[in-house]
Amino acid sequence: MSDYGRIGDYIGPVAAKKLSAVDIDANSSNQHEFGGNDALRRLLGTGEDRRASQGHGIPTALMYLSDDDAPAVADLETTWYDARRNNPNRSAEWRLYYKDCEPIRMARPGDLMCFGMLRDNRLLIIIAQHDSTAEAQAKWLFGIDDEQEVAFRFHDNTERELDAFGAQIFEALGINVEVRDDTYLPEMIGRWGYRFPSNEEFAAFSQSSLTDVDPTHDDPDDVVIEYYDRSYLLFKLYERAVIQHDYDAAPFVSDGVIDVDSFTSFYTSVRNRRMSRAGKVLEIHIAHILDARGIEYEAQAKTENGKKPDFLFPSQAAYEDPAFPEEQLRMLASKTSIKDRFRQVADEANRIRDKHLFTLTPGDVTHPKLAQLDELHIHLVMPKVVKESYDDLIQGETMTFSRFIEEIQGLQADRPQSLTLL
């Protein structure tokens, strides 16, 4: 069992389809209607009617996900009933209805719609923009492999163990993921109390807790995944303890009334810490692996216009020396999730035409995004297990982290003595 359990501990099987224009248009009652095909009947059952108009519909969270905007979310009641229940001479005809709302108004034909029952008996409806990272990640998480689903199909991926990547996707969907093992919490509290240490301290602790991982000799693909997974686990475990401690010390709810200013400050602090931590800790893990293998590089070196590539090989001095061959230079950017931020990589080191970008989030790269990366001469670098989560086209355009390190080691070994930087 993984540190986070299985997918089925949080959400049941999923019914999914590609939206059509008919699906998006509301009917005369300002509602959306779906026929209860086999997939929906398996998901929602065929027992009692659940009519919102009678006060016992299905509590539902509906959200629209894209790469450009924050999720649009609506809470509503969904109606699920047998339209022929009072006609015993005809077979059942199950129908699903829900009111028009902002997320469905944002939807377009071709977007992916997923239905799944959460463990608190709410129905979660996800609409993911076509060809978006959100769509690719939903397919990866729920095991959806049919690009042309014109009717709801049933997908049961509930026995799959949840890893750090899946846990992060769940949390982006508002599904709280529980850490099953708190072994390291007492030691972290003993070291740092209830105040977060620096990213360097936290990364070093995560690395040292993996006593069977050797960054010098083990496959770098495996090592960086192990480091990232452990860091995410420990951060989530420690963050929960810190949040509870801070809330107990200064609660923003009193007698059922929320102190909005205190809550906003508290939330902003938590959000900013999460956003700044993951990327920086990943850079520290990559640097640790490079150091262990004796690779020459400079982190956050300055290039044109004050740009700071995450990793420059072999050094800033070599980059600035016009006599140093351009074919001996390499640049690696590091991003946990690339979204549209890959564009800034294109002009971080003008002497280096073909740049490399490390990322490790499954489902983060789509075909349109791959085409944009190709136009900018940015080559993807991923751990093997992440690379293998993509189709053949994306895999063919992607280098493993291990292969990238081998390339850098080869350049370093073949470099003439006159170019070796001391």
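**Notebook: sheet, helices and cysteines**

I began with the sheet, which in this predicted model is an open one of 8 strands in the order E2-E5-E4-E3-E7-E6-E1-E8, with mixed pairing. At its edges I found strand E2 (31-35) and strand E8 (153-155), each of which pairs on one side only. I then looked up the twist, and neighbouring strands of this sheet turn out to be rotated by 25° against each other on average, with direction ignored.

Next I took one pair of strands for a closer look. Strand E4 (residues 72-82) and strand E5 (residues 94-99) run antiparallel and are joined by 4 bridges. For tyrosine 81 I noted arginine 95, in E5, as the bridge partner. As a reminder to myself, strands of a sheet pair through backbone hydrogen bonds, either parallel or antiparallel.

I turned to what lies against the sheet. Helix H4 packs on it, and I listed its contacts as strand E1 (11-18), strand E3 (58-65), strand E6 (112-118), strand E7 (123-128) and E8. The direction of H4 makes about 135° with that of E1.

How many residues of helix H4 (residues 133-142) are buried? I counted 10 of its 10 residues as buried, and so recorded the helix as mostly covered. Among these buried residues of H4 are Glu135, Gln137 and Lys139, along with Trp140, Leu141 and Phe142. After H4 comes glycine 143, for which I noted a positive phi, near 70°.

For helix H14 (residues 401-414) I checked the length against expectation: at 1.5 Å a residue its 14 residues should span 20 Å, and the end C-alpha atoms are 20 Å apart, which agrees. I also wrote down the buried residues of H14, which are Phe401, Ser402, Phe404, Ile405, Glu407, Ile408 and Leu411.

My last entry concerns the cysteines, since the structure holds 0 disulfides. Why is cysteine 101 without a bond? The closest cysteine sulfur to that of cysteine 101 belongs to cysteine 114 and is 16 Å away, which is too far for a bond, because a disulfide needs the two sulfur atoms within 2.5 Å. Looking from the other side, I found cysteine 114 in no disulfide, with the sulfur of cysteine 101 as the nearest cysteine sulfur.

Are cysteine 101 and cysteine 114 buried or exposed? Taking under 20% relative accessible area as the cut-off for buried, I entered cysteine 101 as buried because its relative accessibility is 9%, and cysteine 114 as buried because its relative accessible area is 2%.

Key: Residues are numbered from 1 along each chain as its sequence is written. This is a predicted model: local features need pLDDT of at least 70, side-chain atom pairs count only at pLDDT 80 or more; totals for chains, interfaces and linings use all residues. Side-chain values use heavy atoms; hydrogens and water are left out. Buried means under 20% relative accessible area, exposed over 50%, partly exposed in between (1.4 Å probe, protein chains only). Helices (H or I, at least four residues) and strands (E, at least two) are DSSP runs, numbered from the N terminus. The expected span of a helix is 1.5 Å times one less than its number of residues. Two strands pair if DSSP finds at least two bridges between them. Axes are lines fitted to C-alpha atoms, for helices over the stretch in contact, and angles run from 0 to 180 degrees between N-to-C directions. Contact means heavy atoms within 4.5 Å.
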